Amino acid sequence: MADNELVLLDQILVQRQAERPVPIRADEAFEIFAAEQALTTRQLSSEEVASGVIGGSNDGAVDAIYVFVDGALLSEDSDILQDGFTATKMQRGVKLELWLVQAKREVSFTETAIDKASSALARLLNLSEDEKDLLRLYSPETVSRTGFFRKALRVLATRHPKVEIHFVYATRGRATGSNSINTKVEIKARDLESQLSGVISGAKAHVEFLGAAELWRRANTVPSYTTELTYQENATSGNSHVALVKLRDYMTFLMDEHGRLRRHIFDWNVRDYQGDVEVNREIRASLEDPKGPEFWWLNNGVTIVCSKATAVGKTYSLDDVQVVNGLQSSHTIFNFLGAAPADHPAFDRSVLVRILVTGDDLATRDLVIRATNRQTSVPAASLRATDDIQRDIEAFFLSHDWYYDRRKNFYRNSGRSAERIVSISLLAQAVMAMGLGRPDNSRARPSSLLKRDEEYRRIFSKAIPVKVYLWAARTQKQVDTYLASEAASISVATRNNYRFHLAMVAAAKLAGRRIQSPKQLAPLAEAGAKLTDDDLAAALAIVQGGFAEHQNQTGNSPDKIAKGPDLVESLLKSLEPPTRTNVST
């Protein structure tokens, strides 16, 4: 049976490669796929998965690295990693997780692979190691990604974080059954678990093996958006329901089969968990006080939208569930009761749940999301996905068989090709780079570009022809594909630094001028202008030369150069025609 699963796994890998405009190296394709399956419960987008894949030489035998704080994926512009961040903003006992993925296309699990990872991680996770020394041994991307964990651990030290380190070793071999992992490899895995749990007192470590069977099963598992919710009392009016739900039953609704929070049912919420902010402290306090008023008296409750709701007895069966308001309450309830004894009185308290059956009408869902979140203080930036311009872009993409993922993972979970799915953040980065001539911003602030209203309005506007957005998305995808090709022969870390600068240069060369407004891309979009491999090769030569020159002049790392404005200006100047001077005779 395992042999059949290997055949099926390889077929999935072949299909994934076929969906790419230009196939990438088989080893890299497997690393991306394995990382996606290793973190399948986290429901990361394709771009988030790719951001953690480092691969290449001097990677410390770790192919992908991800860091989460209270379930939120960290990126280089996350608040917690910035100078001056105050740890008191986070709740005590905040959860800090490090996920390490080692992916080999081999059909076996070896001691050597674990030994190499163990040796590297002993240094990479040691807070006393000097970063300059680490950079002499490991790639900048490896040091940077593990650096997220090291810095977060230092910052959160006073909040007594709950630290978990997961090491996932994936191959095309057998992880269970006969002829699977030999005893020596299992012993090495236990040693690695012990080593990782010693990174800080109280840390938990897990080493997991994923073989062909496990990878194939995970790749074929779609997260369930159908679940049951048991209630105590309810009222119904048309397609709307209001129910009082015991917190014990609400916990069951929130948990997956492994007892973990079902994070994907919050994908459409307008903001993520805010941690130890005042409102969440108040929610927790109302749970802790056994003599306090009923929980639902003090709490605004939870709003759920779904496509169908059927009540049998005292239980609702809900299809296509999304919690669109009440994420703070849900997370606080889950975190508190998850650590509380089974007889804690809070389990028998109730929460008010509104269930709105909207069918497949996404516009109605958007109205519900906006209305329910206007009742609380939500930054305007958090409501971006429901803007008219965002729906216009999504509709235009769909008419051309492209998918604008304004609702995270909506199209991925519908089985659409990742190669044609574009997130809000990627589109914003592409327009910022090509339409506004600021690839440094695209590189330096991947997750925070849309937080400022002024920048958001410069990027997304009804005054910009909608064709521009599809053209920018396609062009950025083409640039990324080219950089991953053998023709470019660029490392993963270098691609990350080059991709938006290359897009800017290529677009400017195609337009024949410096571009400072997205509207200037309209003629290219209208004409359906496409970059050739020769165009991209010429633009890449310019970008490579610019990076090399600035590195020689400043001594800065490519990463630092990519995030600064100086290189941008010199690249744009190099595209301008030489100034003619009059010569008198």
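Reader: What is the volume of the largest cavity?

Author: The largest cavity has a volume of about 90 Å³. A cavity is a set of points on a 1 Å grid over the protein atoms alone where a 1.4 Å probe fits but cannot get out. Points are joined across faces, edges and corners, and the volume is the space filled by probe spheres set on them. This is a predicted model, in which local features need pLDDT of at least 70, side-chain atom pairs count only at pLDDT 80 or more, and totals for chains, interfaces and linings use all residues. Residues are numbered from 1 along each chain as its sequence is written, and side-chain values use heavy atoms, with hydrogens and water left out.

Reader: How many cavities of 30 Å³ or more are there?

Author: The count comes to two.

Reader: Which residues line the largest cavity?

Author: Lining residues have an atom within 4 Å of a point. Here they are Ser45, Ser46, Glu47, Asp405, Asn409, Arg412, Ala418, Ile421, Val422, Ser423 and Lys477. Strand β15 (421-423) gives the most, with three residues, and α3 (46-52) also supplies at least two. Helices (H or I, at least four residues) and strands (E, at least two) are DSSP runs, numbered from the N terminus.

Reader: Which elements cover the buried residues of helix α14?

Author: Buried means under 20% relative accessible area (1.4 Å probe, protein chains only). In α14 (residues 388-399), the buried residues are Ile389, Gln390, Ile393, Glu394, Phe396 and Phe397. Their cover includes β14 (403-405), β15, α15 (424-435), α17 (453-459) and α18, by contact, meaning heavy atoms within 4.5 Å.

Reader: Why do the buried residues of α14 line one face of the helix?

Author: An α-helix has 3.6 residues a turn, so residues three or four places apart point the same way. Seen down the axis of α14, the buried residues fall within an arc of 165°, so they line one face. The arc is that of the directions from the helix axis to the C-beta atoms. Just after α14, Asp401 takes a positive phi of about 60°.

Reader: What span should α14 and α18 have?

Author: The expected span is 1.5 Å times one less than the number of residues. For the twelve residues of α14 that gives 16 Å, and the end C-alpha atoms are 17 Å apart, which agrees. For the 18 residues of α18 the expected span is 26 Å, and the end C-alpha atoms are 27 Å apart, which also agrees.

Reader: Is α18 mostly covered or mostly uncovered?

Author: Helix α18 is mostly covered, with 13 of its 18 residues buried. Thr481 lies in α18 (residues 466-483) and is buried, with a relative accessible area of 14%. Not counting residues up to four places away in sequence, Thr481 touches Pro21 and Val22.

Notes:
On a 1 Å grid over the protein atoms alone, a cavity is a set of points where a 1.4 Å probe fits but cannot get out, and a pocket is an open set with protein on both sides within 12 Å along at least five of seven lines; lining residues have an atom within 4 Å of a point. Buried means under 20% relative accessible area, exposed over 50%, partly exposed in between (1.4 Å probe, protein chains only).
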